Amino acid sequence: MISGFKDFVLRGNVIDLAVAVVIGAAFTKVVNAMVEGLINPLIAAVGGEREMSGLNQTIGQTEFGFGDVLGAIVNFLIVAAVVYFFIVTPVNRLFLRMREGEEAEPKAVPADVQLLTEIRDLLREHATPDGAAAAPDGPAGSTRAERG
């Protein structure tokens, strides 16, 4: 049972997943800092308020957080836009440039196509100037004109 657990933990995809989670957590901090430090102040400069919690409504003794929900949606859209425009798009362009530099490996010609190409080339070698195929030599080496 212990060796099975060891095999599971040391399997490549588990380690890759753990690395992805750690990198993702660190990356989240970078994106949140960009949104909080750059994007939200820009919105506050244009819209006048930095937070939307003032849009909450109290009905009776219950407070409904419409502003909080709206703020979370707006923050999600901002984070998604930042990630897409500042990370995904430049990385995709970089990968595209890297792929353009690579030359595609020539595909191996299938055996049947290679055989047909050789047959075509042989027929071209034995063709007469008028386009007809030259007759093969007869059994005794006679030509077509000699046979008849």
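Helices, of at least four residues, and strands, of at least two, are taken as DSSP runs and numbered from the N terminus. On this basis the predicted model contains five helices and two strands. Read from the N terminus, the order of these elements is α-α-β-β-α-α-α. The helices include H1, spanning residues 2-10, H2, spanning residues 12-47, and H3, spanning residues 66-101. Helix H4 covers residues 111-125 and helix H5 covers residues 144-147.

The confidence of the prediction was considered next. The mean pLDDT of the protein is 76, and 77% of the residues reach a score of at least 70. Among the elements, helix H4 has the highest mean pLDDT, at 90, whereas helix H5 has the lowest, at 50. Where pLDDT is low, the predicted coordinates should not be read in detail.

With regard to solvent exposure, 8% of the 148 residues count as buried. The protein exposes about 12,700 Å², of which carbon and sulfur atoms supply 65%. Of the contacts between residues at least 6 apart in sequence, 30% join residues at least 24 apart.

Part of the nonpolar surface is organised as a patch. Leu10, Ile15, Val19 and Ile23 make up this nonpolar patch, which has an area of about 370 Å². Helix H2 contributes three residues to the patch, the most of any element. Leu10, a further member of the patch, is located in helix H1. The relative accessible area of Leu10 is 53%, so this residue is classed as exposed, the threshold being over 50%.

Polar side-chain pairing is represented by one salt bridge in the structure. The partners are Arg120 and Asp121, whose closest N and O atoms are 3.1 Å apart. This separation satisfies the criterion because a side-chain nitrogen of Arg needs only to be within 4 Å of a carboxyl oxygen of Asp. Side chains of opposite charge can pair when their charged atoms come close. Both partners retain some accessibility: Arg120 is partly exposed, at 40% relative accessible area, and Asp121 is likewise partly exposed, at 31%.

The count of aromatic pairs is also one. The pair consists of Tyr84 and Phe85, with ring centres 5.0 Å apart and ring planes at 80 degrees, and the arrangement is therefore edge-to-face. This assignment follows because planes over 60 degrees apart count as edge-to-face. Tyr84 has a relative accessible area of 44% and is partly exposed, while Phe85, at 53% relative accessibility, counts as exposed.

Two residues of helix H3 were examined for their spatial relation to residues elsewhere in the chain. Asn75 lies in this helix and is partly exposed, with a relative accessible area of 30%. Between Asn75 and Glu36 the sequence separation is 39 residues, and the C-alpha to C-alpha distance is 9.3 Å. Asp68 is also placed in helix H3 and is partly exposed, with a relative accessible area of 46%. Asp68 and Asn56 are twelve residues apart along the chain, and their C-alpha atoms are separated by 7.2 Å.

Note on methods. Residues numbered from 1 in each chain as written. Heavy atoms only, no water. Buried < 20%, exposed > 50% of the residue type's maximum accessible area, 1.4 Å probe, protein only. Contact = heavy atoms within 4.5 Å. Areas by Shrake-Rupley, 256 points an atom, 1.4 Å probe, with all protein chains shown as cover. Phe/Tyr/Trp six-rings, centres within 6.5 Å; stacked < 30°, edge-to-face > 60°. Patch = residues over 30% accessible without salt bridge, like charges linked within 9 Å, V, L, I, M, F, W, Y side chains within 5 Å. pLDDT = per-residue confidence, 0-100.
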